[in-house]
Amino acid sequence: MEFVASVLGSVVAEACRHLCGFPCSKFSNPFKFKSNVNDLEKEIQHLTDLRSEVENEFNFESVSTTRVIEWLTAVGGVESKVSSTTTDLSANKEKCYGGFVNCCLRGGEVAKALKEVRRLQADGNSIANMVAAHGQSRAVEHIPAQSIEDQPTASQNLAKILHLLEDGVGSIGVWGMGGVGKTTLVKNLNNKLGNSSSTPPFGMVIWVTVSKQLDLMRIQTRIAERLSMGVDKNDSTENVAIKLHRRLKQQNKFLLILDDVWEGIDLDALGVPRPEVHPGCKIILTTRFRDVCREMKTDVEFKMNVLNDAEAWYLFCKSAGKVATLRHIKPLAKAVAKECGGLPLEIIIMGTSMRGKTKVELWNNSLNQLQSSLPYSIKGIEAKVYRPLKWSYDSLQGKDIKHCFLYCALFPEDFSIEISELVQCWWAEGLIDNQKNYDDIHNTGIALVESLKDCCLLEDGDFKDTVKMHDVVRDVALWIASSLEDECKSLVRSGVSLSHISPVELSGPLKRVSFMLNSLKSLPNCVMQCSEVSTLLLQDNPLLRRVPEDFFVGFLALKVLNMSGTHIRRLPLSLLQLGQLHSLLLRDCIYLEELPPLGSLNRLQELPNEMEQLSNLRVLNLSRTDYLKTIQAGVVSELSGLEILDMTHSNYKWGMKEGQASLEELGCLEQLIFCSIGLDRNTCTASEELVWITKLKRFQFLMGSIDSMIDKRTKYKERVVIFSDLDLSGERIGGWLTHVDALDLDSCWGLNGMLETLVTNSVGCFSCLKKLTISHSYSSFKPAEGHGAQYDLLPNLEEIHLHFLKHLHSISELVDHLGLRFSKLRVMEVTRCPYLEHLLDCGGVILTLENLEDLKVSSCPEVVELFKCSSLSNSVADPIVPGLQRIKLTDLPKLNSLSRQRGTWPHLAYVEVIGCDSLKKLPLSKRSANALKEIVGELEWWNRLEWDRIDIQSKLQPFFKEQRPY
């Protein structure tokens, strides 16, 4: 065969020499050429497969990085060259003599390429063997990090994230304020995945630190390095994204951790497959801003909170060493640790700075600096805590929101600020557009509050509808404000136990001043030079009984004056010179008798005529003024700019008394949009005489006595009427029901007769009413035969609250009376109803509560089950409460069933069960972990629960939080 090939080769060479004029040495054996081409195609495919294997398995710790990258680069070059060669051969084979001549000319090139491919295969097999030997360790790069094993809360958070990853959640956003421990948590997560003794859950875990300045190419390069892919510095981000996407699509399961993200990252532009498209892709990001989680459409938003006191103290001792536990140091060390507000970063820095210091004076000095919000001399605080937190402030978009943030620092440390009052101050200061109507102003204010909360610059307060600043964030705000030279210069001495004010402190150029929550007994008895001050906060100084006559003369630019919670009896005439005053807050001035004085009538218990001079006044807060009895006719109507009048639980009652301000007078205030007042018991409530209130955006009217059990906070969000301690046996409330959003009936009698009259006389439904509260009643709610409504009288009811109803056996009694369907009900709360046996009968007019989200039942000793399903009905929906998210059950000793129906409540997120020892089963399954955030209960009760499957409890265990009985 070789002889034949040789002869043919000679013949062919001779023929070619005559035909083409080429020397014979340039030609290759055509038969060998064909064989080489076939071999080359097979070998290049083997090489390509080997390249993919090495890329999938490569770990920087297991093989020399330079060797692998050089090999991968060489393979890429050969693949490109072979592809070009085969393309040319294919294109020329149809030409006359072209294919024959081409194979003769290209034979050497093909042979050389084949030799190179085989050499790279041999080198690649060597690399692949080494990679395989280290295959177990290649999935995760260990990252040095402080262990959280001794921190119960952090360990529990880690367990929750691991469960979320196991349960198929595609993306998780871990967010919280700077220094709270987000990076430490995910580093521990990364290392735990690498230390797993079983099969690693991910073929690859990729860690990228993003940082404030987003650099897409740098992130792509880091991902490419982790994947052992070379990145050409001259390549565009678009081309790199294509290569990364193609490579990651080949990765079976991988986790991408993006740490310290400051703005949304486009995964498509980055080159990362989206989890919803590639099931093997999981993403965890850490950020200070909740909006980043939203922008990146994370499936779960996981907020990191500060450490509790016990964990903070443990971490502080760990950082400070044995000195913190010395007998003479420990009380001071605990105080210093507490001042750090549970923020791990500051705890570590403070603890480290005090390490080895045994002198009490040094500890006292550090404590004083922390308490005065001026710890600048403590090494590391400004550089490592204050400046990084200031980045969050710098990232706020717009000047006004920055000023709104700094305004919150006027309030004392750890103080819960009423959101409505805060928004009013922002509005009066001009930080919210003054041209907007109240609804727009309120909505803008709420949006600003939520934005600051999403940036972790504000957090929920200790009470409903309040916010507060974390201690360290407040310190940073004061630090920022002290360095500003513009209109935000502030003097803040709130909550520091001051007994007097030095005039010298008020002598500088200031914009805002706060002396609230102190023990002030007096104010400077002189004219203050404060011509630029726009806010003066003096509230919550109960020892302050008098304001000097000339005190306000120098405050010509004052827009916000708050003297709530003082014991002043009168205000000086200089108040009337505050022509720019927009907001006057006098809530809880229980001894206030006059405002301001008239001549020598020192105990005039009324609002005087001179009030009309405050024509720019937009907010007047006289809530809880217990001694105010008289407002002269015509006084309030002269306050032409008044928009908010708050007299919640004031002693003054509005009615039709001769010579005093009347409801008709309020109707003359064209700008009035919110009004909270008390009404005289004899005030007419006929529907036609209440037309004037339709122009109000919100209102709160109380008729009857002020009961200590009634919530005395102003409800700015609703149109609410409260009837207290009244006989309602006639149709006394019918006129109100056509105008109100919320109705509160407290300590009233004759309710059953009132309901029957209402049903009999009604010509239509009361579609405005969304919230109904009935409390402290001995009335029976069972309808007399034939007296039930034929249609739903409250079709838009969203909340029902029932408290202390002595003769209520089931809410179905109200359902039958008013024809209720609860088709839009979201909240149901029932407390202290001693004869209540169950909440509702299901299977009649009510088959399901499809919109119910929040359910609370407490102190009802006879309740056996929540929802009683008729055994004769097969039409009851399963489950009865398909959308329930929160359930709280307290002190229900006989409760043994939530419902006789089997099955789960799929959207439950928060479950709290205390004092319900007979309850043995919860409507939860393994899938409940997808929505569940917390289960609170007694440990003995939790351990006694029965489950349909033995593994359900272990699956839900990370969500359980022990709570001792109340």
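The following exercises, each with a worked solution, concern a predicted model of a protein.

**Exercise 1. Confidence of the model**

Determine which stretches of the model have a pLDDT below 50, starting from the mean pLDDT of the protein.

*Solution.*
1. The mean pLDDT of the protein is 83, and 84% of its residues reach 70 or more.
2. One stretch with a pLDDT below 50 covers residues 1–27. Beyond near neighbours in sequence, residues 1–27 have 14 contacts in the model.
3. The pLDDT is also below 50 over residues 597–606, a stretch with 25 contacts beyond near neighbours in sequence.
4. Where pLDDT is low, the predicted coordinates should not be read in detail.

**Exercise 2. Strand order in a sheet**

Establish the order of the strands in the open sheet of five strands, and identify its edge strands.

*Solution.*
1. Reading across the open sheet gives the order β2-β3-β4-β1-β5, and the pairing is parallel.
2. The edge strands are β2 (204–211) and β5 (300–303), each of which pairs on one side only.
3. From one strand to the next, the twist averages 15 degrees.
4. Strands of a sheet pair through backbone hydrogen bonds, either parallel or antiparallel.

**Exercise 3. The surroundings of β1**

Describe how β1 pairs with β4 and β5, and decide whether the residues of β1 are buried or exposed.

*Solution.*
1. Strand β1 comprises residues 171–175 and is joined to β5 in the parallel sense over four bridges.
2. Within that pairing, I172 has V300 as its bridge partner, while W175 stands opposite K303.
3. With strand β4 (residues 281–287), β1 forms a parallel pairing over five bridges. Here the bridge partner of W175 is T287.
4. On one side of β1, S171, G173 and W175 are buried; on the other, I172 and V174 are buried.
5. Because five of the five residues of β1 are buried, the strand is largely enclosed by the rest of the structure.

**Exercise 4. A buried glutamate**

Locate E346, state which side chain of opposite charge is nearest, and list the contacts of E346.

*Solution.*
1. E346 belongs to helix α13, which spans residues 344–353.
2. E346 is buried and has no salt bridge.
3. The nearest side chain of opposite charge is R474, 12 Å away. A salt bridge would require a side-chain nitrogen of Lys or Arg within 4 Å of a carboxyl oxygen of Asp or Glu.
4. Apart from neighbours within four places in sequence, E346 is in contact with C340, L370, I381, V385 and V472.

**Exercise 5. Positive phi at S497 and H776**

For S497 and H776, give the phi value, the location and the degree of exposure.

*Solution.*
1. Most residues other than glycine have a negative phi.
2. S497 nevertheless has a positive phi, near 65 degrees. S497 is placed in the loop between β9 (490–492) and β10 (512–514).
3. The relative accessible area of S497 is 59%, so S497 is exposed.
4. H776, also not a glycine, has a positive phi of about 55 degrees. H776 is part of strand β23 (residues 771–777).
5. The relative accessibility of H776 is 24%, and H776 therefore counts as partly exposed.

**Exercise 6. A serine in a loop**

Classify S534 as buried or exposed, and name the residues that S534 touches.

*Solution.*
1. S534 is situated in the loop between β10 and β11 (535–537).
2. Because its relative accessibility is 1%, S534 counts as buried.
3. Not counting residues up to four places away in sequence, S534 touches E429, K511, R512, A557, L558, K559 and V560.

Technical notes:
Residues are numbered from 1 along each chain as its sequence is written. This is a predicted model: local features need pLDDT of at least 70, side-chain atom pairs count only at pLDDT 80 or more; totals for chains, interfaces and linings use all residues. Side-chain values use heavy atoms; hydrogens and water are left out. Two strands pair if DSSP finds at least two bridges between them. Helices (H or I, at least four residues) and strands (E, at least two) are DSSP runs, numbered from the N terminus. Axes are lines fitted to C-alpha atoms, for helices over the stretch in contact, and angles run from 0 to 180 degrees between N-to-C directions. Buried means under 20% relative accessible area, exposed over 50%, partly exposed in between (1.4 Å probe, protein chains only). Lys and Arg count as positive and Asp and Glu as negative; His and the chain ends are not counted. Contact means heavy atoms within 4.5 Å. pLDDT is the predictor's confidence in each residue, from 0 to 100.
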